Amino acid sequence: MPFLFIFTLFALLDFVILFSVGSNIGLLTTLALVLGTGFVGLYLIRREGTAALARAQQRMEQGELPSSELLTGAALIFGGALLLAPGFLSDALGFLCVIPGARRVLARLLAIANLRLQVLASRRGGRRHGQADDWQQARGEQAGKEGPRRAGQDDGDDRPLEGDFISRDETSR
């Protein structure tokens, strides 16, 4: 519900700014600015998206997880959607998501906001109902009280299996 309220408020504010600026500079100038920011945004998304994809492929070839590249891709998609929406406020936020230096600043601001939200949530009452410290406690089990498991036994337990991994390319020992 808060997300819907914030989204509605943002869209309303964006249109108010668009119409007020449009009444001052004229219809054709406003349309040219909205279309121009859309085209510039598409160009930046294409350029930055291609660079992010190349970095992700390079990291995957090195055997690393391209987590920062995935976040960059998500920011580019979000920024692209904002740049395609008509309005100057959405364009400003879209450019923050697309331009690399501004994207890092925005990421830091979001991290600070997330930290503050976590602090507020811990002050309001700590954990939510249903959360537990351990996955075993969440299922109502106590560590060490389960009996031994037999091979092939399927009791609906989704605990991880322990064992050695042997690659198909690797010769047996």
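Okay, let's start with the surface: the protein chain exposes about 14,000 Å², and 64% of that is supplied by carbon and sulfur atoms. Keep in mind through all of this that we're looking at a predicted model.

So what's the fold made of? The protein chain has 6 helices and 0 strands. Walk along from the N terminus and the elements read α-α-α-α-α-α. Of the 173 residues in the chain, 20% are buried. And if you take the contacts with a separation of 6 or more, 48% of them join residues 24 or more positions apart.

Right, on to the pockets. The largest pocket has a volume of about 430 Å³. Which residues sit closest to its centre? Those are Phe7, Phe10, Phe78, Leu82 and Leu93, out of 14 that line the pocket. If you want to find the walls on the screen, look at α1, which is 2–25, α3, which is 67–84, and α4, which is 88–98; these are the elements that each give two or more residues to the lining. Helix α1 has the largest share, with 7 residues. As for chemistry, the lining of this largest pocket splits into 12 nonpolar residues, 1 polar and 1 charged.

Now the second largest pocket, with about 360 Å³ of space in it. Here there are 13 lining residues, and nearest the centre you'll find Leu71, Thr72, Ala75, Arg103 and Ala107. Helix α3 turns up again: α3 and α5, the latter spanning 100–125, are the elements giving two or more residues to this lining. The breakdown for the second largest pocket is 9 nonpolar, 2 polar and 2 charged.

Let's go inside. The largest nonpolar core is a set of 6 residues, and if you'd like to click along, they're Leu44, Ile45, Leu76, Leu83, Phe95 and Val98. Three helices give two or more residues each to this core: α2, running 27–61, plus α3 and α4.

I'd like to stop on one member of that core, Phe95. You'll find Phe95 in helix α4. What does Phe95 touch, once we set aside residues up to four places away in sequence? The contacts are Thr37, Val40, Gly41, Leu44 and Leu83. Two of those names, Leu44 and Leu83, are also on the core list. One more distance while we're here: Phe95 and Gly80 are 15 residues apart along the chain, and their C-alpha atoms are separated by 8.4 Å.

Last stop, Ile77. This one belongs to helix α3. Is Ile77 buried or exposed? Exposed, because its relative accessibility is 66%, and the cut-off for exposed is over 50%. So here we have an isoleucine that counts as exposed, while Leu76, right before Ile77 in the numbering, is part of the largest nonpolar core. For orientation, the C-alpha atoms of Ile77 and Cys97 are separated by 8.7 Å, with their positions 20 residues apart along the chain.

To wrap up, helix α3 is the one to keep on screen. It lends two or more residues to the lining of the largest pocket, does that again for the second largest pocket, and contributes to the largest nonpolar core too. That's what I have, thanks.

Definitions and conventions: Residues are numbered from 1 along each chain as its sequence is written. This is a predicted model: local features need pLDDT of at least 70, side-chain atom pairs count only at pLDDT 80 or more; totals for chains, interfaces and linings use all residues. Side-chain values use heavy atoms; hydrogens and water are left out. Helices (H or I, at least four residues) and strands (E, at least two) are DSSP runs, numbered from the N terminus. Buried means under 20% relative accessible area, exposed over 50%, partly exposed in between (1.4 Å probe, protein chains only). Contact means heavy atoms within 4.5 Å. Accessible areas come from the Shrake-Rupley method with a 1.4 Å probe; for residues, only the protein chains shown count as cover. On a 1 Å grid over the protein atoms alone, a cavity is a set of points where a 1.4 Å probe fits but cannot get out, and a pocket is an open set with protein on both sides within 12 Å along at least five of seven lines; lining residues have an atom within 4 Å of a point. Grid points are joined across faces, edges and corners, and a volume is the space filled by probe spheres set on the points. Ala, Val, Leu, Ile, Met, Phe, Trp, Tyr, Cys and Pro count as nonpolar, Asp, Glu, Lys and Arg as charged, and the others, Gly among them, as polar. A nonpolar core is a set of buried Ala, Val, Leu, Ile, Met, Phe, Trp, Tyr and Cys residues joined through side-chain atoms within 4.5 Å.
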